[in-house]
Amino acid sequence: MLVHLMLELYNCDPEILSNEPLIRRVLDEYPGRVGMEKVSPVHLYDIETSNPLDAGLSGFVVIAQSHISLHAWPEYREVDIDICSCKEFSQEDAIAFAKEIFQTDDVESHFVVRATRSLRPETPDPVRYEEAMAARRIKAEVR
């Protein structure tokens, strides 16, 4: 099973939405705030499009369970955040963190359960897990 929380935060301060170090920090801290394991650095882009009103910061961080992405549009005073994970997490904590950082109570949220037919188990098979760990150790030794 895969869960996907989509947040739209409105009426945000454009200066906050333009603050690249802050947006980078949000993406860096979000995995820990919702109990996820971050497995990549933050990837953040200053987006310029043919329509200057659509410019803003967009980024993501890969987590062991999937990803967290963020798109901030200062001109529209809006930020969108997606948290997609195979691991359950507190929607309330995710929303509270977003509201705290972006200083707004104007939040729209959507929650979708995806991959309902996935073969990925909630808990890994212990034998297959140990085999995979042994293969990983061998691979590391060869490097």
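## Two sides of helix 3

In this predicted model, Glu-92 and Glu-100 are exposed on one side of helix 3. The buried residues of the helix lie on the other side: Ala-94, Ile-95, Phe-97, Ala-98, Ile-101 and Phe-102. Because these buried residues cover an arc of only 160° around the axis, they fall on the same side of helix 3.

## Packing and dimensions

The buried residues of helix 3 pack against both strands and helices. The strands in question are strand 1 (2–9), strand 4 (66–73), strand 5 (78–85) and strand 6 (107–114). The helices are helix 1 (14–17) and helix 2 (20–33).

Helix 3 comprises twelve residues, 91–102. At 1.5 Å a residue, the helix should span 16 Å, and the distance of 17 Å between its end C-alpha atoms agrees with this expectation. Gln-103 follows helix 3 and has a positive phi, near 50°.

## Cysteines

The count of disulfides is zero, where a disulfide requires a pair of cysteine sulfur atoms within 2.5 Å. For Cys-84, the closest cysteine sulfur is that of Cys-86, at 7.3 Å, and this is too far for a bond.

Cys-84 is buried, because its relative accessibility is 2% and the cut-off for burial is under 20%. Cys-12 is likewise buried, with a relative accessible area of 0%.

Note on methods: Residues numbered from 1 in each chain as written. Predicted model: local features only at pLDDT ≥ 70, side-chain atom pairs only at ≥ 80, totals over all residues. Heavy atoms only, no water. Helix = DSSP H or I, 4+ residues; strand = E, 2+ residues; numbered from the N terminus. Expected span 1.5 Å × (residues − 1). Buried < 20%, exposed > 50% of the residue type's maximum accessible area, 1.4 Å probe, protein only. Arc of directions from axis to C-beta. Contact = heavy atoms within 4.5 Å.
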